[in-house]
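Dear colleague,

Please find below the structure that I am handing over to you. My account of what was found in it follows directly after.

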Amino acid sequence: MVESWATAHDVDMTVFDVGTELTSEHIDRTKTTLGVSIGGDGTFLEAARSLAPFQTPLLGVNSGTLAFLARVEPQDVEAALNAVYRGRASINARQQYEVTAGEIETTGINEVFLQKHPPEERYGTKVGSLHVFVDREYVGEYFGSGLIISTPTGSTGRAYSNHGPVHYPQNNRTLQIIPHETISAAVDPIVVSQDSEIEIVLDADFDIDVDGGRRFECLEAETVVRITGADQPVQTVRTSYDDPFITAMVDKLDWGLRSVEADGPQAALESQSTSDDFKQRAAHVAREAARSAGEPLQELHGQVENIEYKTDKSDIVTEADYQANDIIQTAINSEFPQHAIQSEENDQIAPPEGYAWVIDPLDGTGNFAHGNPNYSVSIALLENRKPILGVVYAPEPGEMFYAIEGEGAYQNDHEIEPTLRDRLDESMLLSGYDPSGEFLQAFYHETQGVRRLGSAALNLAYVAAGSADGVWEHDTHPWDVAAGICLLREVGGEVTDQHGNPYELKFNAGDQRTAMLASNGSLHEQLLAHMKADGSVQ
Ligand code: IPD
Ligand code: CA
Ligand code: CA
């Protein structure tokens with residue numbers, strides 16, 4: 001799978017067995033290189049150690065069962081590689097340790113385990129003493145079967161089994177000292193900084209095990225083991241296709257902390273942070289999702305070969321609609337797993353009460369398929385079925401329109417506002433689908449023009465930003481207009497049905513679409529005056 005992805009993207013690929021010592025002959029530093037490990041955490045650790053000297057970022061694909069490091073599941077490999085390829089991934093530095101003891105001088109990412117060397121005779125002693133110093137300060141004598149020194153990454157393995165705390169590993173530069181079957185009551189783990197030097201003097205023969213068997217040796221009594229944080233971290237790659245660390249931990253260790261209905265407390269948390277924090281975060285996620293979706297759209301724009309017709313020749317859907325849809329849904333799911341999403345390209349479940357998203361991954365598919373740049377990505381967040389956040393992104397001109405209810409509307413970095421025009425003969429109107437051409441006929445000569453551009457979401461954004469004064473859509477689906485309505489209402493524009501009643505998003509309405517008249521506000525009455533009661537134009 002990785003190989004076919006690399007071939008399709010013209011990326012060179014070389015396969016190495018686990019444990020290969022990589023040299024500069026293997027890795028060309030003049031090229032951008034990504035390491036991909038396929039296996040469980042053991043394979044990831046080996047790959048991490050081999051790649052650390054080159055600081056090559058590593059993406060772990062989990063083909064095992066319990067993995068904390070290799071976090072991309074096989075079915076998500078292609079999507080995760082696409083995310084990396086398009087720059088939609090982040091790199092996390094993971095603390096490593098450096099250990100010297102006897103013949104060993106190496107680095108690791110998980111833990112060093114010192115365990116009393118088994119006695120020759122069956123009834124010999126299985127415990128011994130270890131004298132521990134931190135930065136030359138004597139901690140004391142650990143009398144028992146051993147000691148574990150782990151990094152935050154190693155905190156979910158052997159350290160955890162010996163009652164060590166779990167560390168959130170991202171940007172956590174610490175080491176911890178954990179007793180292993182110590183025969184003194186109440187010896188708790190100690191967490192020290194990466195710069196601390198831990199020195200351990202052995203009173204008896206102990207075996208040293210580095211990262212679960214990567215190096216193993218029997219050390220004689222009197223040996224001093226020295227452990228400190230390594231200078232070079234391991235660079236791990238994170239995409240939205242990885243399970244977040246805490247989710248992976250709580251689910252995989254089966255702590256039973258999460259009930260099936262996790263949305264109760266999540267919703268409570270969000271409603272308390274109503275506010276700015278939550279909405280700003282949601283707006284950020286929506287903008288990033290729209291930008292990410294824009295990348296494959298731009299790549300496929302104008303070279304569409306596989307077109308499906310949904311109902312008639314103008315109701316088309318392309319591979320690009322599906323790709324953009326996957327990207328947006330994955331981005332929203334990974335940040336807000338408890339929120340429902342209605343998309344034109346999913347099964348179109350009606351949004352429940354509370355927070356829900358309504359998206360059109362590609363609005364203006366007709367333009368898109370013909371290579372015309374007037375198409376957009378539309379993402380809205382609803383609260384109790386009312387849009388409170390809208391993002392309309394036009395990838396070709398790179399125009400990002402967005403609004404949060406009560407916080408203004410923007411185009412890229414500047415605030416937008418509609419026109420103040422109130423004279424028809426000075427105005428410019430837009431029209432959506434207009435089957436009998438009535439709107440065009442009614443307004444063409446009375447205004448400075450009626451344009452039919454082809455993306456309902458963008459039409460609304462243009463009226464909100466003042467590059468048109470009004471727009472008429474003979475029929476609309478919620479995903480065509482939810483984000484645009486948020487933009488336009490935020491700047492004081494008006495959105496009604498053909499009779500002048502406030503426009504309402506209709507869910508569960510089967511194929512009954514809704515007509516929409518939207519304007520800068522000041523022109524609205526005059527536009528309405530031309531609409532007949534049956535929704536046609538006079
Ligand atoms: C269409 C466009 C078009 C509008 C249609 C929509 P699609 O959406 O927004 O401008 O007039 O009513 O269905 O099919 O390209 O997503
Ligand atoms: Ca649409
Ligand atoms: Ca669409």
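Strands, like helices, are DSSP runs numbered from the N terminus, and a strand has at least two residues. With that in mind, Arg 385 can be placed in the loop between β20 (376–383) and β21. Please note that this is a predicted model.

**Backbone angles**

Arg 385 has a positive phi of about 70°, although it is not a glycine. Most residues other than glycine have a negative phi. Is Arg 385 buried, partly exposed or exposed? Buried requires under 20% relative accessible area and exposed requires over 50%, so Arg 385, at 37%, counts as partly exposed.

Two further residues deserve the same attention. Asn 171, in the loop between α4 (158–161) and β9 (174–182), has a positive phi near 55° and is likewise not a glycine. Asp 254, just after α5, takes a positive phi of about 50°. Within helix α5 itself, which covers residues 245–252, the buried residues include Phe 245, Ala 248, Met 249 and Val 250. In general, an α-helix has 3.6 residues a turn, so residues three or four places apart point the same way.

**The surroundings of ligand 1**

Which residues come nearest to ligand 1? There are 13 residues around the ligand, and Asp 363, Gly 364, Thr 365, Gly 454 and Ala 456 come nearest. By class, this shell is made up of six charged, four polar and three nonpolar residues.

Two strands, β19 (355–363) and β27 (470–476), each supply at least two residues of the shell. Strand β19 gives the most, with three residues.

Several polar atoms of the protein lie close enough to oxygen atoms of ligand 1 to be listed individually:

- Thr 365: a polar backbone atom is 2.8 Å from an oxygen atom of the ligand.
- Asp 360: a polar side-chain atom lies 3.1 Å from an oxygen atom of the ligand.
- Glu 473: an N or O atom in the side chain is 3.4 Å from an oxygen atom of the ligand.

On its own, ligand 1 has 380 Å² of accessible area, and the protein covers 87% of it.

**Aromatic rings**

How many aromatic pairs does a search of the whole structure find? The search finds eleven. One pair is formed by Phe 278 and Tyr 355, whose ring centres are 4.6 Å apart. Their planes meet at 50°, so the pair is tilted. This pair links distant parts of the chain: Phe 278 belongs to helix α7 (residues 274–300) and Tyr 355 to strand β19, and the two are 77 residues apart. Both Phe 278 and Tyr 355 are buried. Ring pairs also join these two residues with Phe 336 and Trp 357 into a cluster.

A charged side chain meets a ring elsewhere: Arg 287 lies over the face of Tyr 402, at 4.3 Å from the ring centre.

**Individual positions and distances**

The remaining residues show how separation in sequence and separation in space can be set side by side. All the spatial distances in this part run from C-alpha to C-alpha.

Tyr 433 is found in the loop between β25 (429–431) and α10 (438–444). With a relative accessible area of 41%, Tyr 433 is partly exposed. Tyr 433 and Ser 455 are 22 residues apart in sequence and 9.7 Å apart in space.

Leu 429 is found in strand β25 and, at 0% relative accessibility, counts as buried. Between Leu 429 and Pro 118 there are 87 Å in space, and the two are 311 residues apart in sequence.

Thr 419 has its place in the loop between β24 (414–415) and β25. Its relative accessible area is 12%, so Thr 419 is buried. Thr 419 and Ile 332 are 34 Å apart in space and 87 residues apart in sequence.

Ile 388 sits in strand β21 (residues 386–394) and is buried, with a relative accessible area of 2%. Ile 388 and Met 531 are 143 residues apart in sequence, and 29 Å apart in space.

Yours sincerely,

A colleague

Notes
Residues are numbered from 1 along each chain as its sequence is written. Chains are lettered from A and ligands numbered from 1 in the order in which they are written. This is a predicted model: local features need pLDDT of at least 70, side-chain atom pairs count only at pLDDT 80 or more; totals for chains, interfaces and linings use all residues. Side-chain values use heavy atoms; hydrogens and water are left out. A residue is near a molecule or strand if one of its heavy atoms lies within 4 Å of it. A polar contact is a pair of N or O atoms within 3.5 Å; within protein, one must be able to donate a hydrogen and the other to accept it, and residues adjacent in sequence count only if both atoms are side-chain atoms. Accessible areas come from the Shrake-Rupley method with a 1.4 Å probe; for residues, only the protein chains shown count as cover. Helices (H or I, at least four residues) and strands (E, at least two) are DSSP runs, numbered from the N terminus. Ala, Val, Leu, Ile, Met, Phe, Trp, Tyr, Cys and Pro count as nonpolar, Asp, Glu, Lys and Arg as charged, and the others, Gly among them, as polar. Rings of Phe, Tyr and Trp (its six-membered ring) pair if their centres lie within 6.5 Å; planes under 30 degrees apart count as stacked, over 60 as edge-to-face and the rest as tilted. Buried means under 20% relative accessible area, exposed over 50%, partly exposed in between (1.4 Å probe, protein chains only). A charge sits over a ring if NZ of Lys or CZ of Arg is within 6 Å of the ring centre and within 35 degrees of the ring normal.
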